[in-house]
Amino acid sequence: MIELVERDINHPLPVVFNLTSWVEKQRTLGDWLNTNLLNSKFLSRKLLIEDWLVKELADKYQVTQKIAKTWIDSEKLLLLLDGLDEIQAEKRDLCIQFLNQFHQKYGNTGIIVCCGLKEYESISTKLRFQLAVCLRQPVQESTPSKNLNEVLARIQFVRGNLLTLNVDALVHPTGLHLSYGGSLSWQLHQHLGPKLHETLQNQATLKLGEVFVTDAGSLPANYIIHTPIEESLNWHTAESVARGITAALAKADSLGDVRTIALPSMGTGAAGLDPFNVAPVVLKTVANYLEQNNQLERVIFAFIEETPYQAYINAYQSLGGVIEQEVFQPCNAYRLTINTSLNQLFVGDRSHLQVELQPTTPGQETIEISEKTAELYCFISANGLHVFNNLIPIQFDPKTGQPLSGSFELQAYLRGDRPYTIQLFIENPDSGRVQIYETHGKIRVVLPETTEERLPILPTLNIRVARKPDFILQVETELPDGETGSHHLTYYLTSHLPTLRLREQKVGNAILSSHDLTNIRTLLTQTLQQTTSPQPEDTREQMISLGTYLFNRLFPVNTTTAFHEIFWQATNQLSTWLIIEDGVTWLPWEFIVPYHPDKTEPLLFLSEKFQLSRWVEGLGTVRYHEIPIGDIALAQYKFSEPEQLNQDEDCLAWRKLLNASSSQGLKPVVKPDTPVYGVHLLRYSSELTQKLDIVPRENTSSASLSEDEEVRQERLNLRLKRPLVALSTINENGYSLDYWLLPERVLPFLRAGASAVISSWWATSEAADRIFWSHFYQLLKQRIILGEAVWRSRLAVKRHLPHSPDWLAYTLFGDPCAKPYEPEPSEGYTVLECLNPDEPLHPGKTYYFRASIRTRPPVWYTDRLIQPEELSNQLRALFMAPGLQDTFPEPIEMQPAGYTMRQATVELTPTAPGNYPLLVQLLESDELVKTLQLNLEVREEVDA
């Protein structure tokens, strides 16, 4: 055909085009039309074949758009169109429709379309051309040639991070300017530092087909070949990716010492190309290059995501390549990233924070994860954001072993920039030691642009069979003037009294200025100091005066009329109160003295008449209606050596009083194999100024940790052990509120998942503390509910020390109706779960089911705790799934997974819709330990 053109200038000019480029250019049609077409009448059209040909002639053959359009209009071209079979099946019909339209309009233009017979026969719309020629290979040649087989054997696919591969060279896809790139560029710059960025920034702009080589620094590879894959700025095609790869392979050959080269899934990331369109073009390009008998021994494609991997596997198999076994490249180094759909929320809006661990190469800022690790855990702490679950597990993909993503759900309720902290906990599977990694962020919260009154943002009240508090007062705080301005409180009341049923009814509001908040604290300090005067019998009157002042400020008659009416109507029926706060305004609710101007009832403090407790909403922890009890561990702050703790007379006396076991900090309390479910932290007021640690420490020469940091180290185990935490501070130097003990002492334990925390507003006398705690622990062992145990212990202090205000200091954070129970001995926590679930399951998809037995509960477990025994080394699991298994199964050995778990996994692939039972028997030797069951629903997948 070329000879014909050379002999006759009027003969149609043959030009080769690839139809996959037409599909790719559809997605950016609007931008292309506005910037490239000369005739404005084209601006209202779709990307017609003639428009695409103009662009292709300009980009690929450097023909001006004006000349290209003249050639098309005068029908001077012979179009050789390849790649119809490489277009995704659902787009082939559309392409043929446009080709038929073009043929109808330009009837004298010669068109040849090349397509695989099988793919063409599957298309409903057919080409309306004059002639079809079918070329069939002889049967004996239908298999790949020996040379092609050898070429394909030199191409390898791995699941893992490109940067961890031990190869001679890595290929880095970039833009024409080397400082541009996708996620791989980000990883390279993160690992190799600013030097690489500076080197690439100073490199002149390249053309497609040119490359630039740098050394690979600390990476396992020797070279990095930087190759552009775009035709022009932000314009990528499968052909431009292929040209970039060809240039990289040629450069690798020219280096002389490159035998292995690795590439990512180029063009399918930031460039946005469809991997099913790119993969066939790339693999044909690589195979053609390798057929030249060059020195490259192995070309490796590395994939993190499933879709590009499957696209390349399909394309490879269509060339005749055989995948004998999936290759997984171990990746133990990751970086923690947080993705959110919105960085700004309106008050009341909800959002998700997605936690991802992205594979990277080892370095100072990376996270190392052992291949034996079974589960990871993430915590979140947020200020001004409600957290619906502050702890999530991070599972591993059962096929690749890579960690999956997880997400937190938040709701905005305080205006301003609301910070959050996410902590990733990684437990060493051999030693049980926990490493913690943190990342921080913030979300801006603004008021919605509407005049409508918004609904209150209230915590969801848990629905349970157990007894509920008679009154639940929920306090919502607004800070219209910022953190240092006034606090606007709104009250919502829920009543569970048989004669008074209410649910989150608004009962009033109050405004506390910054002066009011300072004044409350000052008055409390002054009142406490006055109780040590020569007339101690005046103590109660002074405290009553403070309590009535608080009642007037927090429940003013003119703005809380509904609360007053309900309260005085029900006051004689009430016994238990729960005040749910949001952690913004910390107020001494225990000291409030309600009074009625028209009644002569004796004045009593709120915590004197009622079993009063409180809870801080927004932490995301569970408010347990049952609390475990067992041995109490005593922890003391003032000693630096273990021997001193067990020899000091005061400590021994306290241990005897509390019937406590010896303790060396928090670790013994939270070990899953100990019967300790309570920790009593003892300190003296003089220690508050010294900032001493919980001691003794494993390494006394190490830097001191604050109480909050110590709790943080054991946060995971605290959450799973749910201990009752008691905080005692003994007064040595007179009453003082220089150190506001709440919230700084309580919040760390509430965030960590303690079932309840009991502390005091100020440092109390040793006599008061001994009376309170000896009564409290005795009542708890008698199975008295938590609120009543605190209330009766508080009144015991009042009886024995009538002139001391200390009985009012004790504060309970927890459910007042929570019942104590003692965990019973058990074989362990058993769980049967699907690791890659769908709702429902779908036919033809493989699912992975795990049976596990653990010495500590899963993070989502909220029922009663048990006391597990040591796990046997001879555990087996028998998976039985009638209808899903071809043969009768055999028991599978359960393998260690992590520090406290054994597990076994089975693959099941349902072939038809239906309901199937899955039964698992856990066996020790041949004895049955436990039977687990799941009912599996399998349904055809329905497109959204």
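This is a walk through some salt bridges, a helix, a surface patch and a few unusual backbone spots. Keep in mind that the model is predicted.

Let's start with the charged pairs. Searching the whole structure turns up 25 salt bridges. One of them pairs arginine 623 with aspartate 815, with 3.4 Å between the closest N and O atoms. Arginine 623 sits in the loop between β25 (611–616) and β26 (626–628), while aspartate 815 sits in the loop between β32 (810–813) and β33 (819–821), so this bridge ties together parts that are 192 residues apart in sequence. Are the two partners buried or exposed? Arginine 623 has 11% relative accessibility and counts as buried, because the cut-off for that label is under 20%. Aspartate 815 is buried too, at 1%.

Now for a pair within one helix. Arginine 792 and glutamate 788 form a salt bridge with an N to O distance of 3.1 Å. Both residues belong to helix α27 (residues 786–800), and they are 4 residues apart, about one turn of the helix. Why does that spacing suit a pairing of side chains? An α-helix has 3.6 residues a turn, so residues three or four places apart point the same way. Here the partners are not buried: arginine 792 is partly exposed at 33% relative accessibility, and glutamate 788 is partly exposed at 22%.

Another bridge links arginine 939 to glutamate 937, where the closest N and O atoms are 3.5 Å apart. Arginine 939 is partly exposed, with 31% relative accessibility, and glutamate 937 is partly exposed as well, with 38%. Salt bridges can also share partners, and in that way Glu375, Glu833, Arg850 and Arg854 are joined into one network.

Next, look at helix α11 (residues 238–255). The helix is made of 18 residues and spans 26 Å from its first C-alpha to its last, close to the 26 Å expected at 1.5 Å a residue. Which of its residues are buried? The list includes Ala238, Val241, Ala242, Ile245, Ala248, Leu249 and Ala252. Some polar or charged names are on the buried list of α11 as well, among them Glu239, Ser240 and Asp253. Right after α11 comes glycine 256, which has a positive phi near 90°.

Over to the surface. Leu131, Val133 and Leu135 make up a nonpolar patch there, and together they have about 410 Å² of accessible area. Valine 133, one of the three, lies in the loop between α7 (117–121) and α8 (146–153). With 65% relative accessibility, valine 133 counts as exposed, because that label applies over 50%.

Finally, some backbone angles to check in your viewer. Glutamate 839 and proline 840 are joined by a cis peptide bond, with omega at about -10°. Proline 840 is in the loop between β35 (829–834) and β36 (847–854). Which residues have a positive phi without being a glycine? Glutamate 75 is one of them, with phi at about 55°, and its place is the loop between α5 (65–73) and β2 (77–82). Serine 925 is another, with phi at about 60°. Serine 925 is found in the loop between β42 (914–924) and β43 (927–938), and it is partly exposed, with a relative accessible area of 38%.

Key:
Residues numbered from 1 in each chain as written. Predicted model: local features only at pLDDT ≥ 70, side-chain atom pairs only at ≥ 80, totals over all residues. Heavy atoms only, no water. Salt bridge = Lys/Arg side-chain N within 4 Å of Asp/Glu carboxyl O. Helix = DSSP H or I, 4+ residues; strand = E, 2+ residues; numbered from the N terminus. Buried < 20%, exposed > 50% of the residue type's maximum accessible area, 1.4 Å probe, protein only. Expected span 1.5 Å × (residues − 1). Patch = residues over 30% accessible without salt bridge, like charges linked within 9 Å, V, L, I, M, F, W, Y side chains within 5 Å. Areas by Shrake-Rupley, 256 points an atom, 1.4 Å probe, with all protein chains shown as cover.
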